Amino acid sequence: MTTIPFWIDSTPIKRFPTLQKNMRVDVLVIGAGITGITTAYLLKKAGFAVALIERERVASVDTGHTTAHLTYITDVELYKLADSFGNDHAQAAWDAGAAAIDEIERIVSEEKIDCEFMMAPAYLHVRVGGSVQKEIPSLKKEARTAGKLGFDATYLESVPHFNLPGVRFANQAKFHPRKYLRALVGRIPGDGSHVFERSAVTEFDAKKCRAKINRHWISFDRLVMATNNPLVGFSSITSAALFQTKLVLYTSYALGARVPVGTIPEAMFWDTREPYDYLRVDGHRDFEYIIYGGEDHKTGQKRKTKQAYARLEKRLKKILPEARVDHRWSGQVICSPDGLPYIGENAERQFIATGYCGNGITFGTVSAIMARDWAMGRKNPWCDLFAFDRKKIKGAAWNYVKENKDYPYYMLKDRLARAEGESVREIKRGKGMVVGSRLKKIAAFRDRKGELHKFSPVCPHLGCHVRWNPAESTWDCPCHGSRFKSTGEVIAGPAEQGLSPV
Ligand SMILES: Cc1cc2nc3c(=O)[nH]c(=O)nc-3n(C[C@H](O)[C@H](O)[C@H](O)COP(=O)(O)OP(=O)(O)OC[C@H]3O[C@@H](n4cnc5c(N)ncnc54)[C@H](O)[C@@H]3O)c2cc1C
Ligand code: FES
């Protein structure tokens, strides 16, 4: 069993250099997941000189941990989007996702990328063991709304393999995300464009329109923040902090497993559980590869994270008793209160894209299209709908309060709580723990060689206390979901710096 995601394990990507000198480009793109890579690729195609800057390795953070269902079916049901935003806007949101699938298909064909891209149906079905009669009306309503708004959706009494009622959505797709992005990122360098890895942006200079990376400056005309969770950049601290309160980070878990050929149709499935379980099936010559995910919870808010995998495996075995699990991993999804992403200009010359929920592969591609249009001064149909300051509408204000009410709670609770242990002597090799007295705590990790790494548990974002995540060997912050390596370096924001060593 490996804890490396199946995509990373199956597809290495060549290394790119770190930034070693000052330079000037038309557009700086920060973050090389699907959003940043696609943005830089489209911008280069449109004639811009781009620099794509990545703190880690390309396509290795959330994009490397995805399950990559290519779907326009949003986490929030279409009929609910229609209730909140009106039919036209709900349709536009799904249309944007459909346009992304189209764009990916176009790029795959134009660039002749071998990435297992294929159109496949997706099924939403009553969860195994769920109350069938209770769930049928909302499934029928979803199929009806989708049909009315022009999408190919059919209510079924019996979804294949599961034999449970559900909805079949035609015209969805799947691909190998790393094979696709490996090809795209390889086409960016040259003619004044660059890709840099192991190069974190650590400072912005709004007056000179430049950003600092590895002690060097990149000057630019425009900036695209493709960091999944936006950095402050050219925004004011206050507006960036306010914006953060609209974002909620969830951790989602996935298992990779083999089953014999012909066990289950090659498609995508997800159920009506809350949070939902999702399943993808990829046919190979000698086996079918299954990716099964779910167990989402707010990042940093569950301690026994390993049990999430055990629960998932138990449910997977109920559906596919012959499944042999060989990979498991987890990653973050960032959600907005109303279920739609935030994509667009949020400060002069600065474009952000976040809040994709479970549709980051499609919305990441939508963002790239919108960023390219923004850089070219072209109008884009989804600007108002996805604007970060959109004025909505029923429900949002209520959700917003609900999603954030636990922030001061965690801040206070963690500061006042007792540490998990009293002394670093209690920490075994390969484990981390917050130890010390109530007023003087440290987050300590003992590596495989027995060496101790000690940090302040105070999250550099807004001061909550991090917790040890035993499943991933990371420090996770329960407030806004920042994550840090066992050795303190930041993995994912909103924190922009690592934990302070003690
Ligand atoms: C388990 C799981 C299953 C999922 N399933 C699906 C699915 O089926 N379909 C779907 O559409 N979506 C799915 N998603 C969501 C989707 O994978 C993500 O939303 C998407 O990959 C986000 O892409 P991104 O490029 O915006 O962010 P990322 O891939 O996170 O890339 C952002 C990059 O920015 C870099 N960065 C951050 N700060 C800096 C800095 N200061 N300097 C330089 N670089 C920086 C990071 O290192 C990172 O590489 C899933 C996610 C998970 C975790
Ligand atoms: S305090 Fe905001 S992520 Fe930690």
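Which residues of α2 are buried? In this predicted model, the buried residues of α2 are I34, T35, G36, I37, T38, T39, A40, Y41, L42, L43 and K44. The helix is thus described as mostly covered, with 11 of its 12 residues buried. Its length can be checked against its residue count: at 1.5 Å a residue, the 12 residues of α2 (residues 34–45) should span 16 Å, and the end C-alpha atoms do lie 16 Å apart, so expectation and model agree. Just after α2, G47 adopts a positive phi of about 100°.

The aromatic side chains offer a second route through the structure. A search of the whole structure yields 20 aromatic pairs. In one of them, the ring centres of F6 and Y289 are 4.2 Å apart and the planes meet at 20°; because planes under 30 degrees apart count as stacked, this pair is stacked. The pair joins distant parts of the chain, since F6 belongs to helix α1 (residues 6–10) and Y289 to strand β16 (residues 288–298), 283 residues apart. F6 has a relative accessible area of 14% and is therefore buried, and Y289, at 1%, also counts as buried.

A further pair, F243 with F388, is edge-to-face, with 6.1 Å from centre to centre and 80° between the planes. This pair too links distant parts of the chain: F243 lies in helix α7 (residues 237–244), while F388 lies in the loop between α10 (383–386) and α11 (396–404), 145 residues away. With a relative accessibility of 7%, F243 counts as buried, whereas F388, at 24%, counts as partly exposed. Elsewhere, Y72, W94, F151, F169 and W270 make up one aromatic cluster.

The empty spaces complete the picture. The second largest pocket has a volume of about 700 Å³. Its lining consists of 27 residues, and T3, P5, I8, S60 and H65 lie nearest its centre. Two or more lining residues come from each of β17 (324–335), β25 (483–485) and β26 (490–492), and the largest share, 4 residues, is from β17. By character, the lining of this pocket divides into 10 nonpolar, 9 polar and 8 charged residues.

The model also contains 2 cavities of 30 Å³ or more. The second largest cavity holds about 50 Å³ of space and is lined by G300, K302, R303, T305, R467, W468, N469 and D476. Strand β23 (residues 467–469) gives the most to this lining, with 3 residues. The lining comprises 1 nonpolar, 3 polar and 4 charged residues, and domain 2 (118–174 + 248–335) and domain 3 (408–492) each supply at least three residues to it.

Definitions and conventions
Residues are numbered from 1 along each chain as its sequence is written. Chains are lettered from A and ligands numbered from 1 in the order in which they are written. This is a predicted model: local features need pLDDT of at least 70, side-chain atom pairs count only at pLDDT 80 or more; totals for chains, interfaces and linings use all residues. Side-chain values use heavy atoms; hydrogens and water are left out. On a 1 Å grid over the protein atoms alone, a cavity is a set of points where a 1.4 Å probe fits but cannot get out, and a pocket is an open set with protein on both sides within 12 Å along at least five of seven lines; lining residues have an atom within 4 Å of a point. Grid points are joined across faces, edges and corners, and a volume is the space filled by probe spheres set on the points. Ala, Val, Leu, Ile, Met, Phe, Trp, Tyr, Cys and Pro count as nonpolar, Asp, Glu, Lys and Arg as charged, and the others, Gly among them, as polar. Domain bounds come from an automatic or database domain assignment. The expected span of a helix is 1.5 Å times one less than its number of residues. Buried means under 20% relative accessible area, exposed over 50%, partly exposed in between (1.4 Å probe, protein chains only). Rings of Phe, Tyr and Trp (its six-membered ring) pair if their centres lie within 6.5 Å; planes under 30 degrees apart count as stacked, over 60 as edge-to-face and the rest as tilted.
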